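Q: Hi! I'm new to this one and would love a guided tour. Could you pull it up so we can look together?

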Amino acid sequence: MEKKWFKEMSVYQIWPRSFCDGNGDGIGDLKGVISKLDYIKSLGVDAIWFSPLYPSPNADYGYDIADYRNISSDYGTLDEFKTMLDEAHKRGLKVIMDLVVNHTSDEHEWFKESKKGENNPYHDYYIWRKGRKPGKEPNNWLSTFQGKAWEYCKEIDKYYLHVFAKGQPDLNMDNPKVREEVKNIMRFWLDMGVDGFREDVITFISKKEGLPNGFPLPTATGIEHYSNGPHLMEYLHEFKDVLDEYDCFTVGEAPMMTTKKALKFIREGENQVLNTMFHFEHMNCDNIITNWIVTPFRPSKLKKVYKRWQEDLYKKAWNANYIENHDQPRIISRYGSEKYRVESGKMLGTMYILQSGTPFIYQGQEIGMTNANIPSIDRYKDVSSINNYNLFRKLGFSDKFTMKICMYAARDNARTPMQWTNDKNAGFTTADEPWFEVNKNYHEINVQQAENDPDSILHYYRKLLSFRKENDIVKYGDFQLLNTEKNIFAYIRHMGEQQLLVVCSFSEKECAFRCPKQFDIESSELVLSNYDKNIVIHNGFMTRPYETRVYFIK
Ligand code: GLC
Ligand code: CA
């Protein structure tokens with residue numbers, strides 16, 4: 001497998017609004033980011049991915065962009081961005097921007113022009129249709145966030161399509177002018193020195209001709225007609241021609257992606273259009289289809305998914321590994337245990353960072369932040385949480401039941417301010433009130449505490465990342481899932497003469513781990529673990545709660 005810088009790197013994701021407030025207005029910003037670059041560097045990561053920093057009315061907190069070539073005044077100025085970029089580069093940190101081009105904000109100039117009427121040159125930048133008859137939408141599509149996927153515009157008697165919130169009209173990517181705009185936006189940031197893009201819902205940009213009715217679902221009806229649409233590959237090829245002019249990195253966000261489909265886009269060779277993709281299959285092990293249809297967490301499902309992605313892509317394509325981001329509730333609260341927070345936090349980090357692929361770490365994950373457990377819907381900020389809540393209530397579920405789901409599944413769980421210290425507002429802001437409430441557990445869980453505790457998750461992440469950096473087997477070795485009891489996830493990585501064994505328990509109960517006969521762990525070297533006194537008996541051990549061990553195997 002060809003070595004590449006982006007395969008060697010690990011990435012820290014910043015959701016800017018909640019990372020660090022540098023000017024005391026209660027909102028995270030670039031000044032705050034600059035003040036934390038040394039901290040980020042100290043983790044051992046090589047790049048930062050910024051969730052959108054652009055001007056936005058915040059219908060979807062930055063994922064509704066009003067100007068692709070500027071920085072939101074909430075976060076600073078373009079000059080401050082350039083300073084941040086310089087400072088990051090000085091420290092050897094690359095900078096990856098979020099490229100959101102499936103849709104814009106309804107306050108983007110293009111959209112304001114577009115809705116002036118059919119003769120406006122921007123009209124065809126968006127997807128406008130006449131109603132099927134008066135008062136009836138052009139088709140039955142539903143948005144992922146907010147009721148119907150169509151919004152009526154009285155002035156021109158047409159509807160515009162928005163597969164996300166109302167304030168996020170979908171761009172008409174079939175219009176070559178729109179694709180030119182996208183390419184110019186890419187050039188704008190790459191010329192400034194940015195190192196790559198995370199491409200937001202990029203697999204949604206091509207809609208099926210004629211926009212046929214979709215299979216009826218409670219939400220996102222029509223998705224089969226715009227996910228992996230007919231011209232997706234073609235458009236990505238066009239974008240790639242621009243990207244090829246630079247040494248940059250791309251990761252495409254790809255809901256409902258399978259390995260088979262992914263290989264069409266990311267298989268190394270002539271037809272590759274993205275370096276890698278974020279799929280969601282491993283995030284569906286405690287739910288069905290959406291995070292809001294909650295089921296008990298099943299480690300067996302997780303193992304199957306990882307086996308597939310590790311094996312199917314091996315030597316063909318590159319994985320992007322993550323267990324948290326701004327759309328996912330905190331992983332310890334889902335696949336780990338708040339009771340065994342430190343143990344399970346370390347185990348989960350080990351489990352995914354030691355697989356093949358580029359690891360992404362979301363702000364706060366490295367200190368083991370947990371779900372916010374906000375009990376009342378009026379304290380939530382995310383449009384999708386609020387709309388899912390309303391949908392459940394409309395379907396007849398009680399507030400109590402719905403709030404239980406919301407507390408588990410809402411994206412707000414990942415969006416509370418970063419917990420820096422034990423001081424007021426967790427040291428996130430000097431304002432009286434942060435824009436969004438701080439998780440009450442910040443007295444125990446914060447960066448300062450973690451720095452001072454040699455056994456913290458934070459120090460463990462540093463070890464994990466430096467271990468990955470120093471050992472090519474972690475990056476380029478192959479992957480073999482071991483047959484174990486269901487709550488243990490164990491795998492072996494091979495490269496040349498080397499073999500690395502990773503054992504992870506997903507249970508607080510004791511489980512018996514027995515190493516396959518051909519390996520001898522008794523004489524092997526333990527390189528990482530989350531407990532002291534790692535005894536081996538009969539070439540195996542009984543796991544302690546959420547135990548993890550990593551051995552170089554003889
Ligand atoms: C992606 C983003 C998410 C956003 C959505 C619409 O899934 O990660 O935060 O709401 O796209 O842009
Ligand atoms: Ca601020």
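A: Happy to! Let's start with a hairpin: S5 and S6 form it, with four residues between them, and Asp157 in the turn has a positive phi of about 50°. Helices (H or I, at least four residues) and strands (E, at least two) are DSSP runs, numbered from the N terminus. Before we go on, this is a predicted model, where local features need pLDDT of at least 70, side-chain atom pairs count only at pLDDT 80 or more, and totals for chains, interfaces and linings use all residues. Residues are numbered from 1 along each chain as its sequence is written, chains are lettered from A and ligands numbered from 1 in the order in which they are written, and side-chain values use heavy atoms, with hydrogens and water left out.

Q: Thanks. In what sense do S5 and S6 pair, and over how many bridges?

A: Strand S5 (residues 150-153) and strand S6 (residues 158-161) are antiparallel, with four bridges. Two strands pair if DSSP finds at least two bridges between them. Glu151 has Tyr160 of S6 opposite.

Q: What comes after S6, say around Asn172?

A: Asn172 sits in the loop between S6 and H6. Asn172 is buried, at a relative accessible area of 15%; buried means under 20% relative accessible area, exposed over 50%, partly exposed in between (1.4 Å probe, protein chains only).

Q: And which residues is Asn172 in contact with?

A: Leaving aside neighbours within four places in sequence, Asn172 contacts Asp124, Tyr125, Tyr126, Ile127 and Val178. Contact means heavy atoms within 4.5 Å.

Q: Moving into H6, is Lys183 buried or exposed?

A: Lys183, which is part of helix H6 (residues 176-192), is buried, with a relative accessible area of 10%. Not counting residues up to four places away in sequence, Lys183 touches Glu238, Phe239 and Val242. Lys183 and Leu243 are 60 residues apart in sequence, and their C-alpha atoms are 8.7 Å apart in space.

Q: Which residues of H7 are buried?

A: They are Leu232, Tyr235, Leu236, Phe239, Lys240, Val242 and Leu243. These residues cover an arc of only 150° around the axis, which puts them on the same side of H7. The arc is that of the directions from the helix axis to the C-beta atoms. Among what covers the buried residues of H7 are H6, strand S7 (196-199), strand S8 (249-253) and H8.

Q: New topic: which residues are the protein donors of the calcium ion?

A: For the calcium ion (ligand 2), the protein donors are Asp21 (OD), Asn23 (OD1), Asp25 (OD), Ile27 (O) and Asp29 (OD), at 2.2 to 2.3 Å from the ion. Donors are N, O and S atoms within 2.8 Å of the metal (3.2 Å for Na, K and Ca); water is not among the atoms, so sites may look incomplete.

Q: How are those donor residues spaced in sequence?

A: The spacing is D-x1-N-x1-D-x1-I-x1-D. Asp21 is buried, with a relative accessible area of 8%, and Asp29 is buried too, with 4%.

Q: Now the sheets. What is the strand order in the one with eight strands?

A: The open sheet runs S9-S8-S7-S3-S2-S1-S13-S12, with parallel pairing. Strand S9 (276-278) and S12 are at the edges with a single partner strand each, so one side of each has no neighbour in the sheet. H10 packs on this sheet and touches S12 and S13, with its direction at about 150° to that of S13. Axes are lines fitted to C-alpha atoms, for helices over the stretch in contact, and angles run from 0 to 180 degrees between N-to-C directions.

Q: And how is the sheet of five strands ordered?

A: Its order is S14-S15-S16-S20-S18, with antiparallel pairing in an open sheet. S14 and strand S18 (525-529) are the edge strands, each pairing on one side only. Neighbouring strands here are turned by 20° against each other on average, direction ignored. H9 packs on the sheet by touching S14 and S15, and its direction makes about 150° with that of S14.

Q: Last one: which residues of H9 are buried?

A: In H9, the buried ones are Pro299, Leu302, Lys303, Val305, Tyr306, Trp309, Gln310 and Leu313. Down the axis of H9, the buried residues fall within an arc of 165°, so they line one face of the helix. After H9 comes Lys315, with a positive phi near 65°.
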